[in-house]
Amino acid sequence: MAYEYILTEKLATGIGLIRLNRPRALNALSPDLMDELGEALLAFDADAGVGCIVITGNERAFAAGADIKAMATASMADMLKQDLIARWETIHRIKTPIIAAVSGYCLGGGCELAMSCDMIVASESAQFGQPEINLGIIPGFGGTQRLTRTIGKALAMEMVLGGRMLSADEAQRFGLVNHVAPVETYLETALKLAAKIAGQAPLAARLAKEAVNNALELSLRQGLQSERQLFQMLFATEDQKEGMAAFIEKRPAQWKGK
Ligand code: CAA
């Protein structure tokens, strides 16, 4: 499928690669780009040959935020009617694990998009921020919520109220980022991690993602209950039988996704 604002590629390693592709606007997340991103995510999620999705930008920018020009003159009624953010929600319906490979600016909606992924691999030049306050607004796609749950209230307040940016190293130290790699190799690092995940038992990987994400949404009691159910459910799969048989027979498992 040909897109205008993103590039997609299915790699032999079972990875669905999505590149945000509005370089002249630092990959600002326009409504059209977000529609295309949603479509591409749903298509990869429905593809049994894709076990992990990687979203990336370019060296200079993962994404510098929602498209300011597309909302500069909007009224509150426009925002309520169009609900520009509603189209962003598609990413939360995706069951396949998603990795953000981030370099350069990762700001506002860009940072919120990266945080909506399951893991983040950053280049040494990555800069994370929620600078919406400088525009007279606040984050609208989870910035105040996901950031606070990940890095804690004190630092989240400083970023959301003061516009403080985090370097890649700081973001890793505060638990926002999994790995930091040189600019030349950050995508390769992300793809290596993605290939490892794409090689896991597909149903277990999907339920693992769901279970960990539940920890951010549910009470401990509900989370533990849900985890128990997901764990028990996997005993209905052929891959559980295969995985345990392969361990006992000291051979690699052959996953079927069944
Ligand atoms: N929306 C629309 N266009 C953007 C953009 C954005 N978020 N960020 C950058 N651009 C455009 C610029 O307008 C410029 O386009 P023109 O050449 O046509 O003028 C081009 O990208 C290059 O940007 P700069 O010339 O500004 O590049 P710079 O290197 O001097 O600065 C920057 C880089 C510091 C990232 C600066 O562009 C910037 O501050 N961008 C805005 C960051 C921001 O405020 N993001 C939050 C957006 S609101 C949001 O995301 C809401 C939400 O929570 C959902």
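**A tour from the ligand to the domain contact**

Start at lysine 69, where an N or O atom of the side chain is 3.1 Å from an oxygen atom of the ligand. The model is predicted, and the distances along this tour are computed from it.

Next, select arginine 60. Its side chain places an N or O atom 2.8 Å from an oxygen atom of the ligand. Then move to glycine 140, where the partner is in the backbone: a polar backbone atom is 3.0 Å from a ligand oxygen atom. How much of the ligand does the protein bury? Taken alone, the ligand exposes 990 Å², and the protein buries 65% of that area.

Now show the whole shell around the ligand. There are 23 residues in it, and those that come nearest are Arg60, Ala66, Gly109, Glu112 and Glu132. Colour the shell by class, and 13 residues come up as nonpolar, four as polar and six as charged.

Which elements give two or more residues to this shell? They are α2 (68-71), β6 (105-107) and α4 (109-116). Select α2 among these, since the largest share of the shell, three residues, comes from that helix.

Zoom out and colour by domain. The domain assignment gives domain 1 as 6-198 and domain 2 as 202-249. A line drawn between the C-alpha centres of domain 1 and domain 2 spans 26 Å. At the contact, select eight residues on the domain 1 side and five residues on the domain 2 side.

Put a surface on the two domains. Between them, domain 1 and domain 2 bury about 640 Å², and 42% of this is on carbon and sulfur atoms. Which three residues of domain 1 supply more of the area it buries against domain 2 than any other three? Select Lys95, Asp118 and Arg149, which supply 58% of that area.

Two stops remain, both for backbone angles. Most residues other than glycine have a negative phi. Go to leucine 26, in the loop between β2 (15-20) and α1 (31-45). Leucine 26 is not a glycine, yet its phi is positive, at about 50°.

Finish at lysine 250, in the segment after α11 (238-248). Here too the residue is other than glycine and has a positive phi, with a value near 55°.

Methods. Residues numbered from 1 in each chain as written. Predicted model: local features only at pLDDT ≥ 70, side-chain atom pairs only at ≥ 80, totals over all residues. Heavy atoms only, no water. Near = heavy atom within 4 Å. Polar contact = N/O pair within 3.5 Å; in protein donor to acceptor, adjacent residues only side chain to side chain. Areas by Shrake-Rupley, 256 points an atom, 1.4 Å probe, with all protein chains shown as cover. Helix = DSSP H or I, 4+ residues; strand = E, 2+ residues; numbered from the N terminus. Nonpolar A, V, L, I, M, F, W, Y, C, P; charged D, E, K, R; others polar. Domains from an automatic or database assignment. Contact = heavy atoms within 4.5 Å. Buried area = accessible area lost by both parts, 1.4 Å probe.
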